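Student: I'd like a close look at one part of this model, namely its salt bridges. Could you walk me through them and whatever sits around them?

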Amino acid sequence: MEAALLGLCNWSTLGVCAALKLPQISAVLAARSARGLSLPSLLLELAGFLVFLRYQCYYGYPPLTYLEYPILIAQDVILLLCIFHFNGNVKQATPYIAVLVSSWFVLALQKWIIDLAMENQAGRLQ
């Protein structure tokens with residue numbers, strides 16, 4: 001019974017996370033404008049998700065404990081591309097994407113880097 005309830009909770013969390021940003025993405029696409037989206041806010045959210053996901057992977061946590069983060073990151077990347085697309089230049093997103101991808105590898109170069117990044121993320125939440 002407990003295993004079934006835990007499985008339901010895990011899958012419902014994944015379902016909610018998969019649908020979390022869909023209304024925002026559809027509103028942006030319908031309006032054909034990124035007005036109202038904050039680039040710094042989106043980048044901060046992306047950085048937080050990326051650091052947390054990398055921390056979980058680095059320390060070998062079970063995938064079911066962090067499986068929603070790749071979904072949230074993908075949705076934020078779609079919103080990032082929408083911002084640049086509707087502002088007229090998708091090529092401006094390239095440095096941001098490059099920094100996000102390279103940070104995935106940089107975070108795991110040394111244990112202290114990932115620990116420091118996670119500590120800074122926890123400090124921002126307080």
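Tutor: Here is the overall layout, followed by the salt bridges and then a charged residue that has none.

Keep in mind that this is a predicted model. The chain has six helices and zero strands, so to speak an α-α-α-α-α-α pattern when you read along the sequence. Its C-alpha trace spans about 50 × 40 × 25 Å along the principal axes. Of the 126 residues, 31% are buried. If you take the contacts between residues at least 6 apart in sequence, 75% of them join residues at least 24 apart. The chain exposes about 8,100 Å², and carbon and sulfur atoms supply 67% of that area.

Now to the charges. The chain carries 7 positive and 6 negative ones, and their mean positions are 16 Å apart. The salt bridge count comes to three.

Start with Lys-21. Its side chain meets that of Glu-45 in a salt bridge, at 2.7 Å from N to O. Lys-21 sits in the loop between helix H1 (2-20) and helix H2 (22-31), while Glu-45 lies in helix H3, so this pair ties together parts that are 24 residues apart in sequence. The two ends differ in cover: Glu-45 counts as partly exposed because its relative accessibility is 27%, whereas Lys-21 is buried, with a relative accessible area of 10%.

Lys-21 also meets Asp-76, and here the N to O distance is 3.2 Å. Asp-76 lies in helix H4 and Lys-21 in the loop between H1 and H2, so that pair ties together parts 55 residues apart in sequence. Both Lys-21 and Asp-76 are buried.

The remaining bridge joins Asp-115 and Lys-111, at 2.7 Å from N to O. These two are four residues apart in helix H6 (residues 111-125), which means about one helical turn separates them. Asp-115 counts as partly exposed at 23% relative accessibility, and Lys-111 is also partly exposed, at 46%. Back at the other two bridges, shared partners join Lys-21, Glu-45 and Asp-76 into one network.

So much for the paired charges; what about Glu-68? This residue lies in helix H4. Glu-68 is buried yet has no salt bridge, and the nearest side chain of opposite charge is Lys-21, 14 Å away. A salt bridge needs a side-chain nitrogen of Lys or Arg within 4 Å of a carboxyl oxygen, so a gap of 14 Å is out of range. What does Glu-68 touch, then? Leaving out residues up to four places away in sequence, Glu-68 touches Thr-13, Leu-14 and Cys-17.

Just before Glu-68 comes a residue worth a glance, Leu-67, in the loop between helix H3 (39-58) and helix H4 (68-86). Leu-67 counts as partly exposed because its relative accessibility is 31%. Together with Trp-11 and Leu-64, Leu-67 forms a nonpolar patch on the surface, with about 310 Å² of accessible area for the three together.

To pull the threads together: Lys-21, Glu-45 and Asp-76 share one network, Asp-115 and Lys-111 pair up in helix H6, and Glu-68 stays buried without a salt bridge.

Note on methods: Residues are numbered from 1 along each chain as its sequence is written. This is a predicted model: local features need pLDDT of at least 70, side-chain atom pairs count only at pLDDT 80 or more; totals for chains, interfaces and linings use all residues. Side-chain values use heavy atoms; hydrogens and water are left out. Patches are made of residues with over 30% relative accessible area and no salt bridge: like charges are joined within 9 Å, nonpolar side chains (Val, Leu, Ile, Met, Phe, Trp, Tyr) within 5 Å. Accessible areas come from the Shrake-Rupley method with a 1.4 Å probe; for residues, only the protein chains shown count as cover. Buried means under 20% relative accessible area, exposed over 50%, partly exposed in between (1.4 Å probe, protein chains only). Lys and Arg count as positive and Asp and Glu as negative; His and the chain ends are not counted. Contact means heavy atoms within 4.5 Å. The place of a charge is taken as NZ of Lys, CZ of Arg, CG of Asp or CD of Glu.
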